[in-house]
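Good morning, and thank you for coming. I shall take you through one protein model today, and I would ask you to keep the display in view as I speak.

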Amino acid sequence: MTIACAASSIVFLMSYRSNAAEAWFPEPEPSALPPEIPIDLLPPASLTQPLWKSLLTNLRDTLAPEKLPPLELTSRPVNVGLLLGDRLSLPWFRTVFTNLGDVISPETLPPLELESSPVDVGDLITDQLSHFWFSSLLRNLADRLVPEKLPVLELTSKPVANIIPETWILLPAWSEVISTPKVFYPDKPKRSGTAAPSLAVKTPAIPEAIPVRSSNPTEAGLLRDLRRSRIRRRIWIGMAAAQAVYLIAIIFWPT
């Protein structure tokens, strides 16, 4: 009896809640529903028509084609020239004659339309490398004697004051301050226990300190590169001076 009463009460509550939900959300009216869109998933009728009918349709399209309205293009057509497939299908002599025609009478193209404003970047790297050595030498001398006046730099960020507080003291490490090579002195001789204390033990003379080469390969390579760069600099300066003297000599004493 208890189970039956509980089941009846549950059914009554469910029916009451469903009625309440229908009262809050009534069914829409049939006039407000959108029209149904028909969905046709069947293949086209041209696949099932007989052969003679498709043949007659193709003949009619060839003899009396359907008149369609003019095509409206929203974008401008771009002339891409000869397509890649057509270019590959050409015989070899056509490409030879085409290349000769392009060399003798090149095609006159319309002016290029730039949408961005050009920016003056100065001489390109290739132009700078193609100059002679004395032009770069004169340019460096001119920049050193009469430097170019640049406009004031506009900074968008504010400078940060007191990056390092005044109470801090920055001291370098002692290993960075000392630049002398390491020297290893020989150990002092030890006195034997049986010898008389009055006897003076002769200590061998300490040889002169021989500087030991640095065991760091990076430091050794850096020193070698610096030494070679100094030699190259002297050679190039000597060659430049000799050429300058030669140019001055041929100017004042022409042959």
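Let us begin with a single residue, Ile104. Its relative accessibility is 71%, and Ile104 therefore counts as exposed, since the cut-off for that class is over 50%. Please bear in mind that what you see is a predicted model.

Where does Ile104 lie? Ile104 belongs to helix α4, which covers residues 92-104. Ile104 is also one of the members of a nonpolar patch on the surface, together with Trp92, Phe93, Val96, Phe97, Leu100 and Val103. Taken together, the residues of this patch have about 830 Å² of accessible area.

Two members of that patch bring me to the aromatic rings. A pair of rings is described by the distance of the centres and the angle of the planes. How many aromatic pairs does a search of the whole structure find? The search yields three. One of them is formed by Trp92 and Phe93, with 6.0 Å from centre to centre and 85° between the planes, an edge-to-face arrangement. Trp92 has a relative accessibility of 67% and is classed as exposed, whereas Phe93, at 38%, is partly exposed.

A further pair joins Phe132 and Phe134. Their ring centres are 5.6 Å apart and their planes stand at 5°, so this pair is stacked. The angle decides the matter, because planes under 30 degrees apart count as stacked. Is Phe132 exposed or buried? Phe132 counts as exposed, at 58% relative accessibility, while Phe134 is partly exposed, at 40%. With Trp133, these two phenylalanines make up one aromatic cluster.

I turn now to charge. Side chains of opposite charge can pair when their charged atoms come close. A search of the whole structure finds one salt bridge. Which side chains meet in a salt bridge? They are those of Arg139 and Asp143, at 3.0 Å from N to O. Both residues sit in helix α6, residues 133-145, and because they are four residues apart, about one helical turn separates them. Asp143 is partly exposed, with a relative accessible area of 37%.

Charge also appears in another form. Arg224, Arg227, Arg228, Arg230, Arg232, Arg233 and Arg234 gather on the surface in a patch of positive charge. Among them, Arg227 is placed in helix α8, which spans residues 217-252. Arg227 has a relative accessible area of 48% and is partly exposed.

Finally, let us consider the protein as a whole. Which elements does the protein have? There are eight helices and zero strands, and along the sequence the pattern reads α-α-α-α-α-α-α-α. What share of the 255 residues do buried residues make up? The figure is 0%. The protein exposes about 27400 Å², of which carbon and sulfur atoms supply 65%.

To close, I would leave you with two places to revisit on the display: the nonpolar patch that includes Ile104, and the salt bridge between Arg139 and Asp143. Thank you for your attention.

Note on methods: Residues are numbered from 1 along each chain as its sequence is written. This is a predicted model: local features need pLDDT of at least 70, side-chain atom pairs count only at pLDDT 80 or more; totals for chains, interfaces and linings use all residues. Side-chain values use heavy atoms; hydrogens and water are left out. Rings of Phe, Tyr and Trp (its six-membered ring) pair if their centres lie within 6.5 Å; planes under 30 degrees apart count as stacked, over 60 as edge-to-face and the rest as tilted. Buried means under 20% relative accessible area, exposed over 50%, partly exposed in between (1.4 Å probe, protein chains only). Patches are made of residues with over 30% relative accessible area and no salt bridge: like charges are joined within 9 Å, nonpolar side chains (Val, Leu, Ile, Met, Phe, Trp, Tyr) within 5 Å. Accessible areas come from the Shrake-Rupley method with a 1.4 Å probe; for residues, only the protein chains shown count as cover. A salt bridge is a side-chain nitrogen of Lys or Arg within 4 Å of a carboxyl oxygen of Asp or Glu. Helices (H or I, at least four residues) and strands (E, at least two) are DSSP runs, numbered from the N terminus. Lys and Arg count as positive and Asp and Glu as negative; His and the chain ends are not counted. The place of a charge is taken as NZ of Lys, CZ of Arg, CG of Asp or CD of Glu.
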